[in-house]
Amino acid sequence: MTGASDTIFLAVTGWDPEVWLSEFAKNDPARKLVLNTDTDKEKVRYALVWKQRPGSLADLPNLKVIFSLGAGVDHVFHDDRIPDVPIVRIVSPDLTMRMTEYVVWQVLDHHRLGLRYRQQQAGKVWHEDRRQPAAHEVNVGILGMGVLGRDAALKLRMLGFKVSGWSRRPQTVEGVTSHHGPDGLKAFLKDADIVVSLLPLTPETRNILSMSLFAQMKTDGPLGPPSLINAGRGGLQNEADILAALERGMLSAVTLDVFNKEPLPKDSPLWTHPQVIVTPHAAASSSPSALVPEIIAQIESYERGEPLKNIVDRQAQY
């Protein structure tokens, strides 16, 4: 039997746990949230995790559900001793909107020549590029048509862009040209002027943003060579290949919010490359004030016997 007297285990790395503790105390004071399981292991029914220490969940005999506190879940599978219980992704309107804001911001920046004009400003150069295509002339291709990708696609359509999407399985989004599977990826890449990656990190998608993919992209378009935006996971990208593609003119510009190693090392050439925009994994930060009520609602519905939402497919790892 579960209930408000149960304990919830918070296992996070790189985040301030006190914010989560405070939000839980405000939203569900009857339920105990703990940072370690040295005591009361038997009472722990739920775990909230972000890059948890490997093995930290293995000795919780009554654990029922694991909640991932970010949009991605690849960090959960770094632990080879994960208990065989449901893993739930957090799907929050707040998280979705934050990602959409980021994607729209960066798409518009590439579309409206932001990098070029900032460089001109630094050099005190006054030069208007009069060949500025309209949004309806530009195709934005989104890799990954889950909750985040679909929302970004709809917002970009509202701005007038042509939008296409690619996913592993077929997806239907009104006004969006949909592609799926290996053959669909080839067609997707031939159309996209700006490629946005929102893919989950799985064994199949690791290093997908590499030279073999860039070589399949269109060679010219209304903005010249295509631009790339990765706001998904750092493991999706081969950073050496991205730099090589920029140097060879296969890509015109890149926005990277995620990296193989974070923080991005100070000696990385990505910091100073004139065609690269770097942001510090800030596209869609998990907000405790927005997510805690969602988690509590899931726990309460589960305890009423209702099915969990957004369960991760362990085999697919997303």
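**Salt bridges**

I searched the whole structure for salt bridges and got 12 (a side-chain nitrogen of Lys or Arg within 4 Å of a carboxyl oxygen of Asp or Glu). Note to self: this is a predicted model, where local features need pLDDT of at least 70 and side-chain atom pairs count only at pLDDT 80 or more, while totals for chains, interfaces and linings use all residues. Residues are numbered from 1 along each chain as its sequence is written, and side-chain values use heavy atoms, with hydrogens and water left out.

I looked at R31 next. Its salt bridge with D28 has the closest N and O atoms 2.8 Å apart. R31 also meets E303 through the side chains, at 3.0 Å from N to O. That second pair ties together distant parts of the chain: R31 sits in the loop between helix 1 and strand 2, E303 in helix 8 (residues 288-303), and 272 residues separate them. For helices and strands I used DSSP runs numbered from the N terminus (helices H or I, at least four residues; strands E, at least two).

Buried or exposed, I asked of D28 and R31? Both are buried, by the rule of under 20% relative accessible area for buried, over 50% for exposed and partly exposed in between (1.4 Å probe, protein chains only). R31 comes out at 6%, whereas E303 is partly exposed at 27%.

I then checked D40 and K32, which form a salt bridge with the closest N and O atoms 3.4 Å apart. Both ends are partly exposed: D40 has a relative accessible area of 34% and K32 has 42%. Through shared partners, salt bridges join D28, R31 and E303 into one network.

**The five-stranded sheet**

Here I wanted the strand order. The sheet is open, its five strands run 2-1-3-4-5, and the pairing is parallel; two strands pair if DSSP finds at least two bridges between them. Strand 2 (32-34) and strand 5 (87-89) are at the edges with a single partner strand each, so one side of each has no neighbour in the sheet. I get an average twist of 25° from one strand to the next.

Strand 3 (residues 44-50) and strand 4 (residues 65-68) run parallel and are joined by four bridges. L48 is opposite F67 of strand 4.

Helix 1 (residues 17-27) packs on this sheet and touches strand 1 (7-12), strand 2 and strand 3. Its direction makes about 155° with that of strand 1. Angles like this run from 0 to 180 degrees between N-to-C directions, with axes fitted to C-alpha atoms, for helices over the stretch in contact.

**V76**

I found V76 in the loop between strand 4 and strand 5, and at 0% relative accessibility V76 is buried. What does V76 contact beyond its neighbours within four places in sequence? V49, Q52, S68, I82 and I87, where contact means heavy atoms within 4.5 Å. R53 is 23 residues away along the chain, with 9.5 Å between the C-alpha atoms of V76 and R53.

**Whole protein**

I counted eight helices and 12 strands. The C-alpha atoms fill a box of roughly 65 × 40 × 35 Å along the principal axes. Buried residues are 51% of the 318. Of the contacts between residues at least 6 apart in sequence, 64% join residues at least 24 apart.
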